[in-house]
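Colleague: I am new to this structure and would like a close look at its salt bridges and their surroundings. Please take me through them slowly, and explain each term when you come to use it.

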Amino acid sequence: MTITQLKYALAIAEHKNFTKAAEKCFVTQPTLSTQIQKLEDELDIVIFDRAKKPIELTEVGRKIVFQARNIVNEADRIQDIVDQQKGFIGGEFRLGIIPTVMPTLLPMFLKNFIKKFPKVKLKIEELTTEEILTRLSDGHLDAAIAATPLESDNIKERVLYYEPFVAYIPDNHRLREKKTLEVSDLNIDDMLLLEDGHCFRDGVINLCKTFKDQIDETFQLESGSIETLIKLSNEGMGMTLLPYLHTLDVKENFSKNLRHFKEPSPAREVSIIYHKSELKMQIINALHDVISGIIRGAIAFQNVEIISPKAR
């Protein structure tokens, strides 16, 4: 068997279609099919059930693909060793970023990173934490930026910064006259939240649960974006919580609605995360150093209490 055959098998397992897998591997479909057939003949087993639509792995095929992923990762590590020895920082790098971090952090570091490391071809996707963990595990992402800790055995985490929660309180709200807040002031019943699937939403719920044992899971309003939450709050629909970096973009005439928490401020931990196989570490280190260097000028908070992003 060859590394190429194993890569073809991984592509078919991902796309569940020989034609799409061939396109992904930049070969013709007959070429890919021939190589998979040779692999199956050599092993004297059937990896893919071609009678199913879409194509499915056989029971032994799932075990083969699991091992193939480990083998391909270890083969890629050889190129990593060569690149690090030569001091080369370049090539394609697939980076996932959660939605509540993407719009604020990306503009801060992207131009600087591209200028400093022009040979790196970044492919960036906005993904939920759940999607990120799946793609890191499957080898479809090289790294991601997400709220941590995630407590995943297969993932390593390196902290980039701690981002405090900031309250956004409209006119006529019960907390409007308070200059600073305590966590005990919060009530989930008058809170605008992001839709299910956002880890920031889970962090807010976990924060509120600190002082409220039972929470009614039916909320007044939920939205897919922080910008919409701010607009709804301005219409008097309730208060909301924002990550600190989002407050830097709040229009000047609405900045009076912002309220900080007494120290230690509730905050989220934002990290660059990657698979424990530690492939492309030279690029991961470069991203970590660039982002950490830039973010120090924007966030000076140190006395914080980290709120878990995991749903309880």
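**Salt bridges and their surroundings**

Modeller: Arg176 counts as buried, at 13% relative accessibility, where buried means under 20% relative accessible area, exposed means over 50%, and partly exposed is in between (1.4 Å probe, protein chains only). Before we go on, please keep in mind that this is a predicted model, in which local features need pLDDT of at least 70 and side-chain atom pairs count only at pLDDT 80 or more, while totals for chains, interfaces and linings use all residues. Residues are numbered from 1 along each chain as its sequence is written, and side-chain values use heavy atoms, with hydrogens and water left out.

The partner of Arg176 is Asp171, and the closest N and O atoms of this salt bridge are 3.0 Å apart; a salt bridge here is a side-chain nitrogen of Lys or Arg within 4 Å of a carboxyl oxygen of Asp or Glu. Asp171, for its part, is partly exposed, with a relative accessible area of 48%. Side chains of opposite charge can pair when their charged atoms come close, and a search of the whole structure finds 14 salt bridges.

Another of these joins Arg94 to Asp142, with 3.1 Å between the closest N and O atoms. This pair links distant parts of the chain, 48 residues apart, since Arg94 lies in strand 3 (residues 91-97) and Asp142 in the loop between helix 6 (129-138) and strand 5 (143-148); helices (H or I, at least four residues) and strands (E, at least two) are DSSP runs, numbered from the N terminus. Asp142 is buried, with a relative accessible area of 11%, whereas Arg94 is partly exposed at 24% relative accessibility.

Helix 6 itself takes part in a further salt bridge, between Arg135 and Glu125, whose closest N and O atoms are 2.9 Å apart. Here too the pair links distant parts of the chain, Arg135 being in helix 6 and Glu125 in strand 4 (residues 120-126), 10 residues apart. Arg135 is partly exposed, with a relative accessible area of 28%, and Glu125 is partly exposed as well, at 33% relative accessibility.

In the same helix, helix 6, the buried residues are Thr129, Ile132 and Leu136. Seen down the axis of helix 6, these buried residues fall within an arc of 55°, so they line one face of the helix; the arc is that of the directions from the helix axis to the C-beta atoms. Just after helix 6, Gly139 takes a positive phi of about 80°.

There is also a network of salt bridges, which links Asp49, Lys52 and Glu56.

To complete the surroundings, we can turn to the nonpolar side chains. A nonpolar core is a set of buried Ala, Val, Leu, Ile, Met, Phe, Trp, Tyr and Cys residues joined through side-chain atoms within 4.5 Å. The largest one has 72 residues, and those that touch the most other members are Phe93, Phe109, Phe113, Ile145, Tyr161, Met191 and Leu241. Helix 10 (residues 281-295) gives the most to this core, with 8 residues. If we leave aside its neighbours within four places in sequence, Phe109 is in contact (heavy atoms within 4.5 Å) with Leu95, Ile145, Leu287, Val290, Ile291 and Ile294. Apart from the largest core lies another, of 19 residues, among them Leu10, Leu39, Ile47 and Val65.
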